[in-house]
Amino acid sequence: MSNFIDFNSAKKLHEMQESKNRISELFDIKYPIIQAGMIWHSGWRLASAVSNCGGLGLIGAGSMYPDVLRENIQKCRKATDKPFGVNVPMLYPNLDEVIKIILEERVKIVFTSAGNPKTYTEALQKEGLKVTHVVSSTKFAIKCEDAGVDAVVAEGFEAGGHNGRDETTTFCLIPNVKKHISKPLIAAGGIALGSQMKAAMILGADGVQIGSRFAATIEASAHENWKRKITELNEGDTHLTLKELAPVRLVKNKFFNELEDIYNVGRNSESLIAALGRARAKKGMFEGDMEEGELEIGQVSALIDEVLSVEAVFANLLKEFEETKMPKF
């Protein structure tokens, strides 16, 4: 049975506080909900749908050639008159060209990750952009603040995709980061329900970044095989691996088992790179090969049992957020 809740009713019944919080004010959005810029998922359809629902949609530049990124930015602008941004993983090539396109297309919000926040922050801010950087530790959150970013995403190791080596959970990370920085703080990793959103904000976050729940939406650009697979995953079906290269949380499948076989005969980085080959992530998440492809998703996928529209996801998040009450004792 569908979990769909009428979005217009949800908006009326489950408004968050009338005064905007720091993330809502920073990005000029209604709800402090950011959709993660996931490779092979976050095209203009997903980003614009999230922005139209009152959150902040992000186009995922990591899986796009520069000309494809430009096309997605232009289509997103036609599909929404609300703020949206671009996520730029700094471990991918063509960075200078990507930044040039972002500036030429007058994007106003950029989320950077997997690199040094000092690289582009000042230059982008001089052009009037808001810059947020994604980290997995308090140490790097402090470096972000020193670099002058406008906000910080602190991501626990429950999250899918590329991750931190320290394996610090969101529940432990958020209050510690909050204690050490003054910039607006966005929690990420293990958040798919309104109750989890409220928990993150109680721990000190000003807003949340959600990936896995938006990966399993109608508007996500991923393959239908992969979206369906997400809804079938259980606890323990994902694992953090490839620490020697760039830690990533993957679904356990034939490809994952091949990586484990390499570990069994020794931690050889060259062998791991060879096993990855080219376009493994595209093969899995975009082309739908559930055995040979690289499948990146968070632990919270165990709570996702249905592919929904973005509108339905927002309705559920707002309803759950409002209905979650603090227990008395």
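The radius of gyration is taken over C-alpha atoms, and the globule rule is 2.2 Å times the number of residues to the power 0.38. The model used in these exercises is predicted.

**Exercise 1. Overall form**

Task: Why does the radius of gyration of the chain agree with a compact globule?

Solution:
- Start with the length: the chain has 329 residues.
- For that length, a compact globule would have a radius of gyration near 20 Å.
- The chain has 19 Å, so the value agrees with the rule.
- Add the extents: the C-alpha trace spans about 60 × 50 × 40 Å along its principal axes.

**Exercise 2. Packing and surface**

Task: State what percentage of the residues in the chain is buried, then describe contacts and surface.

Solution:
- Buried means under 20% relative accessible area.
- By that cut-off, 54% of the 329 residues are buried.
- Take contacts with a separation of 6 or more: 63% of them join residues 24 or more positions apart.
- The exposed area of the chain is about 14900 Å². Carbon and sulfur atoms supply 50% of this area.

**Exercise 3. Charges**

Task: Find how far apart the centres of the positive and negative side chains lie.

Solution:
- Count the sets: 40 side chains are positive and 44 are negative.
- The two centres lie 4 Å apart.

**Exercise 4. A strand pair**

Task: Work out in which sense, parallel or antiparallel, β4 and β5 pair.

Solution:
- The chain holds 15 helices and 11 strands.
- Locate the pair: β4 covers residues 109–113, and β5 covers residues 130–135.
- Four bridges link β4 and β5 in the parallel sense.
- Ile109 has Lys130 of β5 as its bridge partner.
- Check the cover: five of the six residues of β5 are buried.

Notes
Residues numbered from 1 in each chain as written. Predicted model: local features only at pLDDT ≥ 70, side-chain atom pairs only at ≥ 80, totals over all residues. Heavy atoms only, no water. Helix = DSSP H or I, 4+ residues; strand = E, 2+ residues; numbered from the N terminus. Buried < 20%, exposed > 50% of the residue type's maximum accessible area, 1.4 Å probe, protein only. Contact = heavy atoms within 4.5 Å. Areas by Shrake-Rupley, 256 points an atom, 1.4 Å probe, with all protein chains shown as cover. Lys, Arg positive; Asp, Glu negative; His and termini not counted. Charge placed at Lys NZ, Arg CZ, Asp CG, Glu CD. Pairing = 2+ DSSP bridges.
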